[in-house]
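Have a look at the chain below. A few spots in it are picked out for a quick tour.

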Amino acid sequence: MKFIFRRIAILVLTLSAIFTSLLFNGCTQLFNESTQAVKELQFEDYMLQIEYVDNFKIMQLADIQANTSEKCDNAFIDIKKLVNKEQPNLIVLTGDNVEIPKSEDVLYTLIANMESLKTPWAAVFGNHDSEGVLSKNFMAEKFIEAENCLFYKGEQGVDGVGNYVINLTTARNKIAYSLFMLDSNRYAKGGYDSIHENQIEWYERAVNKLTELNENKVVPSLAFFHIPLQEFIYAKESLDRNESEGFAVFNEEVSPGVINTGFFSKAQELKSTKGIFCGHDHINNCDINYQGIHLVYGLKSSKCSYYNSSLLGATTITLTTDDIEIRNSYFE
């Protein structure tokens, strides 16, 4: 009897161990699948899309710095004239959209004016946007609520507010181009901040995911953010040595982030991003093809804050299946 009981006990323990193992492995697999699903959901959370047509036109507006002055009211009149003339498919604001806001009214005025253009628009933040009474999160919520605005706050755990992708998708649901919108943050010790390392990691994951979605072909892309990279300095030096093509009007020193965190090198490595568009330095303007990537200072788009009267307007980017055309559109 003791022998039989022992055999039964061993059998029970064995079956219990097998059941426990199966249950643990099953739960682990279920957990992993659930975690993967959450990750994929998070990825979709920061991807938007808009219909792509050939000769798709993007208008970059830089450093509007909207405030309550009459000069800013006139800026929106000038912007509307340019939009009516160029008929862009998408407008992108590259930061310092409002100037140290003292109330919500300035933000509401900016949004109302952008909405009046009846054109899809997107935005990233600059260093001045959240220096007043408004937080980036508050402004982001208001952007999201606007009917024509394309904006996502971005993936949790990644620095900044407003790291997201806009996919330009054809009628056959193919991604023709991707637009990376990035928060270049505000200030760091000794000067301006940069795109942080975890944002670069996010950018790499996004490029790789888009490649996967595109039958393992790299999707061409553009990147928009406020504070220029240190490579803008090197590009100007290269242009001066006739080693790069393009044009440049630099009326002030480049004010990049104090730390080079490697975004440009990563863009070169991934071979997706064809152009990087910034603002920040109001009286600089350039399009330099530096080591295969266009580095562009957009024209300042208002007379708010300091400006050069000959460098006011917008930067227009036209996308075709084969090429990218970048040109200035000046205020009249």
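What follows is a walk through one sheet, the helix lying across it, and two buried residues in a predicted model.

Let's start with the sheet. Six strands make it up, it is open, and the order reads S5-S4-S3-S2-S15-S16 with mixed pairing. At the edges sit S5 (149–150) and S16 (324–330), each pairing on one side only. S5 runs parallel to S4 (residues 121–124), and two bridges hold the pair together. Which residue in S5 is the bridge partner of Trp 121? That would be Cys 149.

Now for the helix. H2 (residues 70–86) lies across S2 (56–61), S3 (90–94), S15 (313–319) and S16, and runs at about 165° to S2.

Next come two residues from other strands. Here is how they score for accessibility:

| Residue | Relative accessibility | Class |
|---|---|---|
| Asn 285 | 1% | buried |
| Ala 223 | 0% | buried |

Both count as buried because their values fall under the 20% cut-off.

Asn 285 belongs to strand S13 (residues 284–290). A polar atom of the Asn 285 side chain lies 2.8 Å from the backbone oxygen of Tyr 297. Beyond four places in sequence, the contacts of Asn 285 include Phe 247, Phe 250, Leu 311 and Asn 328.

Ala 223 is found in strand S10 (residues 221–224). Setting aside residues up to four places away in sequence, Ala 223 touches Phe 180, Phe 263, Thr 273, Gly 275, Ile 276 and Phe 277. Take Phe 180: 43 residues separate Phe 180 from Ala 223 in sequence, yet the C-alpha to C-alpha distance is 4.6 Å.

Conventions:
Residues numbered from 1 in each chain as written. Predicted model: local features only at pLDDT ≥ 70, side-chain atom pairs only at ≥ 80, totals over all residues. Heavy atoms only, no water. Pairing = 2+ DSSP bridges. Helix = DSSP H or I, 4+ residues; strand = E, 2+ residues; numbered from the N terminus. Contact = heavy atoms within 4.5 Å. Axes fitted to C-alpha atoms, helices over the stretch in contact; angles between N-to-C directions. Buried < 20%, exposed > 50% of the residue type's maximum accessible area, 1.4 Å probe, protein only. Polar contact = N/O pair within 3.5 Å; in protein donor to acceptor, adjacent residues only side chain to side chain.
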